[in-house]
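Here are a few short exercises to work through with the model open in your viewer. Try each task before you read its solution.

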Amino acid sequence: MDELGQLQSEISGQKAGGLLGNIFLIGFMGSGKSTVSACLSEVFSIEAIEMDQLIAKREGKSIPDIFAQHGEAYFRGLETKLLDELSEKRGVVVSCGGGVPMREENVIKMKKNGLVVLLRASPQTILERVRNSHDRPLLEGHKDVSYISGLMEQRREKYEAAADITVSADGRTVREICTELVKKILEMRI
């Protein structure tokens, strides 16, 4: 049994939702929020919520279609409304859209209802992960390190200010990232 498995064994039997509140994963698109949220969901036996997927399902459109038909401001409003809903829940891990921390009201809601975890990745890592994806409207037509680096820099200050915990995702497996996160989360909640 690896270290993550041992941690999971120690956690099982505890009421993780009461222990944790919510966990909000933030970071640039392609930083690994969805994958890490699935791992945390399994370790803590809590529900994982993928904001972008839920919004797309409710709107009956893909994220690029929502952006194209209604604009980015409309989409950001949907994110804020969804965070309001999630404030009613306890013990969930939420994979947030990359722009969620850019609105101060969103950061306040997340911090009030749980821990905010920033997954950090280099522009090169992001490019490798999103190169073949067409579900990221802000990168469509701009898939290069220079553009990604510039957009990341625009968001860096807000991301860092929102984060209770920061973890690097570069050159690491999901299990390694998840193990570090679980340890940090447990340290903060004990």
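**Exercise 1: aromatic rings**

In this predicted model, the ring-pairing rule gives a count of one aromatic pair. Classify the geometry of that pair as stacked, tilted or edge-to-face.

*Solution.* Start with the partners: they are Phe-67 and Phe-75, and their ring centres sit 5.1 Å apart. Next, check the distance cut-off: centres have to lie within 6.5 Å. Then take the planes, which meet at 45°, so this pair is tilted: stacked would need under 30 degrees and edge-to-face over 60.

**Exercise 2: buried or exposed?**

Decide whether Phe-67 is buried or exposed, and do likewise for Phe-75.

*Solution.* The cut-off for buried is under 20% relative accessible area. Phe-67 comes in at 14%, so Phe-67 is buried. Phe-75 has 2%, so Phe-75 is buried too.

**Exercise 3: around strand S3**

Work out which strands pair with S3, residues 92–95, and what covers its faces.

*Solution.* Begin with S1 (residues 22–26): it runs parallel to S3, with three bridges between them. One contact point to look up is Phe-24, whose bridge partner in S3 is Val-94. Now move to S2 (residues 47–50), which is also parallel to S3 and joined to it by four bridges. Here Ala-48 has Val-93 as its bridge partner. Finally, look at the faces of S3: Val-92 and Val-94 point to one side, Val-93 and Ser-95 to the other, and all are buried, leaving both faces covered.

**Exercise 4: the whole chain**

Find what share of the 190 residues is buried.

*Solution.* The chain has 10 helices and five strands, and buried residues make up 49% of it.

Technical notes. Residues are numbered from 1 along each chain as its sequence is written. This is a predicted model: local features need pLDDT of at least 70, side-chain atom pairs count only at pLDDT 80 or more; totals for chains, interfaces and linings use all residues. Side-chain values use heavy atoms; hydrogens and water are left out. Buried means under 20% relative accessible area, exposed over 50%, partly exposed in between (1.4 Å probe, protein chains only). Helices (H or I, at least four residues) and strands (E, at least two) are DSSP runs, numbered from the N terminus. Two strands pair if DSSP finds at least two bridges between them. Rings of Phe, Tyr and Trp (its six-membered ring) pair if their centres lie within 6.5 Å; planes under 30 degrees apart count as stacked, over 60 as edge-to-face and the rest as tilted.
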